[in-house]
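Open the model in your viewer and keep the selection tool ready. We will go from stop to stop, with a note on what to select and what is there.

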Amino acid sequence: MSTTARLGLSLMAPQQSQRPIMYNEAMAALDQLVQPTVKSRTTTAPPGSPAEGDAYIVAPSATGAWATKDGKFACWLASAWSFRTPANGWLAYVTDTAELAVCQSGVWSSFVTNGGAGLAKLGINTTADLTNRLALAADASLFTHNGTGHQLKLNKATAGDTASLLYQDNFSGRAELGLTGDDAFHVKVSPNGSTWYEALTIAQGSGLVTLPIGQLAFPAVQNPSANVNTLDDYEEGTFTPAIAFGGAGVGVTYGSPTLGRYTKIGRTVSVAVNLVLTSKGSSTGTATLTGLPFAAANDSISVSAAIGYATGFAGVTGSVLATITANNSRFNILHSNNGAAAALSNSSFTNSSQLFLNAVYDV
């Protein structure tokens, strides 16, 4: 007997006898297989009092009249069970679980839920599960607008829950951002998926940015910005100040403390200098304090230092002064003389001169 390729419906041969029987059998099969609805796919034993047309997907390890019929359609027709073998991709609606089931290699699995809930899970080129109900394996994904804008929304039930984006390396967390445990915005990183460091939080009520670790690193080489409202550098450290006379410091020796400390924020540098001589050496000429970590800005603006302590000087009539001129990394050392500033030289210093100063200048 010949049958159709897909549904297995009986075909009538030429000169076929009892054609109504063949036709009715084909109609019964169509009634069973077109828009199929089954009462269950977990029943293993035939029900005791089936109604005409009741259909089931026979569950594994079936018994009785369903023995050896696992995975097949069983339909009660004309007081007997009629069985149909499904092909890959056949679908059936299962009423007791309100789901759409799909057949693959003789095994049935849930495909879609009912009641407006949409897909129970969806795997695109990968396998979804009941935790990752939407799973995608691809080189990229695109969420675009449908006429105007587009929002990607992550919603949580309560403030103590989590709504976040988790970035992984081989399924081990390395970075997370979002609402993690409260309603502030958090940015976290991890070296191994178990130890986490919170780098930044933004308070939801004020927008206040907090750095829980308390550190913000800038590159060793500044990346300057032309935007006057952009902070582009931070650096701190020490330097070694020195005294030069006429640009040289032959034989100059220093005692303790002789040290410079600086902090650079953006283009502004603040320095603190302690200079203690034990010998002024043999060089001659005007006095300068050298060794500043950065040259002053080349904008024709000179900056003065605040000298808090100066001792061991000779022939000084007023306060000791210091200025740094544009595009230089040294202080000129002067003193006030009858209302004017006069440069100091080697003759103004002794072997025990000391100078402590502070200054702020731009670079």
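Start with the largest pocket, whose volume is about 650 Å³. A pocket here is found on a 1 Å grid over the protein atoms alone, as an open set of points where a 1.4 Å probe fits, with protein on both sides within 12 Å along at least five of seven lines; lining residues have an atom within 4 Å of a point. The volume is the space filled by probe spheres set on the points, which are joined across faces, edges and corners. Select Leu134, Ala135, Leu136, Ser141 and Phe143: of the 19 lining residues, these are the closest to the pocket's centre. Then colour strand 9 (134-136) and strand 10, the elements that give two or more residues to the lining.

Before the next stop, a word on what is on screen. This is a predicted model, in which local features need pLDDT of at least 70 and side-chain atom pairs count only at pLDDT 80 or more, while totals for chains, interfaces and linings use all residues. Residues are numbered from 1 along each chain as its sequence is written, and side-chain values use heavy atoms, with hydrogens and water left out.

**The whole chain**

Zoom out and show the cartoon: the protein chain has one helix and 26 strands. Both are DSSP runs numbered from the N terminus, with at least four residues of H or I for a helix and at least two of E for a strand. Of the 363 residues in the protein chain, 28% count as buried; buried means under 20% relative accessible area, exposed over 50%, and partly exposed in between (1.4 Å probe, protein chains only). Switch to a surface view and the protein chain exposes about 21,800 Å², with carbon and sulfur atoms supplying 53% of it. These areas come from the Shrake-Rupley method with a 1.4 Å probe.

**The five-stranded sheet**

Now select strands 10 to 14, an open sheet with the order 10-11-12-13-14 and antiparallel pairing. Two strands pair if DSSP finds at least two bridges between them. Strand 10 and strand 14 are the edge strands, each pairing on one side only.

Walk across the sheet from strand 10:

- Strand 10 (residues 162-169) and strand 11 (residues 172-180) are antiparallel and share eight bridges. Pick Tyr167 and you will find its bridge partner in strand 11, Ala175. The hairpin has two residues between these strands, and Asn170 in the turn has a positive phi of about 55°.
- Strand 11 meets strand 12 (residues 185-189) over four bridges, again antiparallel. Here Glu176 has Lys188 of strand 12 as its bridge partner. Four residues lie between the strands of this hairpin, where Gly181 takes a positive phi near 95°.
- Strand 12 is joined to strand 13 (residues 197-202) by five bridges, and the two run antiparallel. Select Phe185 to see its bridge partner in strand 13, Ile202.
- Strand 13 and strand 14 (residues 209-210) pair in the antiparallel sense over two bridges. Thr201 has Thr210 in strand 14 as its bridge partner. In their hairpin, with six residues between the strands, Gly207 has a positive phi near 80°.

**The three-stranded sheet**

Next, select strands 2, 3 and 4, which form an open sheet in the order 2-3-4 with antiparallel pairing. Strand 2 (55-57) and strand 4 (80-84) are at the edges with a single partner strand each, so one side of each has no neighbour in the sheet. From one strand to the next, the twist averages 25°; axes are lines fitted to C-alpha atoms, and angles run from 0 to 180 degrees between N-to-C directions.

Strand 3 (residues 73-77) pairs with strand 4 over five bridges. Among the residues to click is Phe73, whose bridge partner in strand 4 is Arg84.

**Backbone stops**

Which residue is found in the loop between strand 3 and strand 4? Select Ala78, which lies in that loop. Ala78 has a positive phi of about 55° although it is not a glycine, and it is exposed, with a relative accessible area of 65%.

Move on to Ser300, in the loop between strand 20 (287-290) and strand 21 (303-304). Ser300 is not a glycine, yet it has a positive phi of about 65°, and its relative accessible area of 72% makes it exposed.

Most residues other than glycine have a negative phi, and most peptide bonds are trans. For the last stop, select Ser256 and Pro257: the peptide bond between them is cis, with omega near 5°. Pro257 lies in the loop between strand 17 (252-254) and strand 18 (259-265).
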